[in-house]
Amino acid sequence: APIPSPDPKSCSKAHIKPNKEVPYSCCPPPPQDIDSVPYYKFPPMTKLRIRPPAHAVDEEYIAKYQLATSRMRELDKDPFDPLGFKQQANIHCSYCCGAYKVGGKVLQVHSSWLFFPFHRWFLYFYERILGSLINDPTFALPYWNWDHPKGMRIPPMFDHEGSSLYDEKRNQNHRNGKIINLGFSCKETQTTELQTMTNNLTLMYRQMVTNAPCPLLFFGNPYPLGTDPKPGMGTIENIPHNAVHNWTGDQPRQPNGEHMGTFYSAGLDPVFYSHHANVDRMWNEWKAIGGKRRDLADKDWLNSEFFFYDENRNPFKVKVRDCLDSKKMGFDYAPMPTPWRNFKP
Ligand code: C2O
């Protein structure tokens, strides 16, 4: 059977790691009754939201995005406003860190086939909330284009102290244009910038093409109701997704690599949403490669459900099957070349 929406009423303490609790509650304000929460219907759309590459946007876009994010941070004054920045980050915390149980087991949206659809829906609402805070129904999140040499660093707009897009809890050695290592695992390597970029492209080819010729290898292992969480992740979730988290988070100074380097706090860094926009873009790019690279047909996947608040503070249930086509959801990605396609080892 598919995983049903968790019941926010039964939300409990989240965990940083197995025997360490998150020192605050990650739970959303619970709606009256999860069974009476309606299924989400896409509002009528006029224009697609086109998500731009974060390194290539203009000042006007940056100003808009900064404004939307600072308005969202202001909503934190009411800690129970589901549209507040912390509440949004807590959505990720509760879905990843053991706050929910379904079918008698802890719910976990990482390390399984729920990874891509959960994060797509999460960003969908996050983007709509930002847009509504600045009255721009076409506002689209920027994507951190780390699969292209021009995007292989923290996008500059996130690296300005004092901006609503900045986060203090990042690895200070990885600021100011430092080239990212998409295979990063806690220790620095001594390679030239050119070599790092070349390695990144080779790694992208491996994760998108060589190692993911069919759906389960890309999406991750089946996770039907009643089975243990974390049956195994897909290629991209492992690398570069996890590596980018660890590279960005403040491993040197924070106990758990906060914010980006650990699940409970990752959503507290605004760059999280641009990182995940690019992870999500890889879903579209992967299908575009062809062969057997298509969405899963398993009903346990298609009918799995999550729960979110929309930009009007109304709670909704959503299904995996409704997020397979980003254009149908109202957004797409501004095209960028994918040079890794030519990096067959
Ligand atoms: Cu839900 Cu990038 O982690």
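How far apart do the end C-alpha atoms of residues 269–280 lie, and how much of the span is helix and strand? Let's work through that and a few more. This is a predicted model, in which local features need pLDDT of at least 70 and side-chain atom pairs count only at pLDDT 80 or more, while totals for chains, interfaces and linings use all residues. Residues are numbered from 1 along each chain as its sequence is written.

**Exercise 1.** Describe the two annotated stretches.

Step 1: UniProt, in an unreviewed entry, places "domain: Tyrosinase copper-binding" at residues 110–127 and 269–280. Its positions are given in the numbering used here, feature names are shortened, and annotations may be inferred rather than shown by experiment.

Step 2: For residues 269–280, the end C-alpha atoms lie 18 Å apart, and the span is 83% helix and 0% strand. Helices (H or I, at least four residues) and strands (E, at least two) are DSSP runs, numbered from the N terminus.

Step 3: For residues 110–127, the ends are 21 Å apart, with 72% helix and 0% strand.

**Exercise 2.** Check the span of helix α8 and say how enclosed α8 is.

Step 1: The expected span is 1.5 Å times one less than the number of residues. For the 19 residues of α8 (residues 271–289) that gives 27 Å, and the end C-alpha atoms are 27 Å apart, so the two agree.

Step 2: A residue is buried if 20 or more other C-beta atoms (placed from the backbone) lie within 10 Å of its own, exposed if 12 or fewer, and partly exposed in between. In α8, 15 of the 19 residues are buried, so the helix is largely enclosed by the rest of the structure.

Step 3: Just past α8, Gly290 has a positive phi of about 90°.

**Exercise 3.** Locate the annotated histidines.

Step 1: UniProt's "binding site" annotation (unreviewed entry) covers His241, His245 and His276. They span 36 residues in sequence, yet no two of their C-alpha atoms are more than 10.1 Å apart, so they gather at one spot.

Step 2: His241 sits in helix α6 (residues 235–248), and so does His245.

Step 3: His241 counts as buried, because it has 22 C-beta neighbours inside 10 Å. His245 is buried too, with 20.

Step 4: Contact means C-beta atoms, placed from the backbone, within 7 Å. Not counting residues up to four places away in sequence, His241 touches Ile236 and Val279, while His245 touches Met260, Gly261 and Ala266.

Notes:
Contact = placed C-beta atoms within 7 Å.
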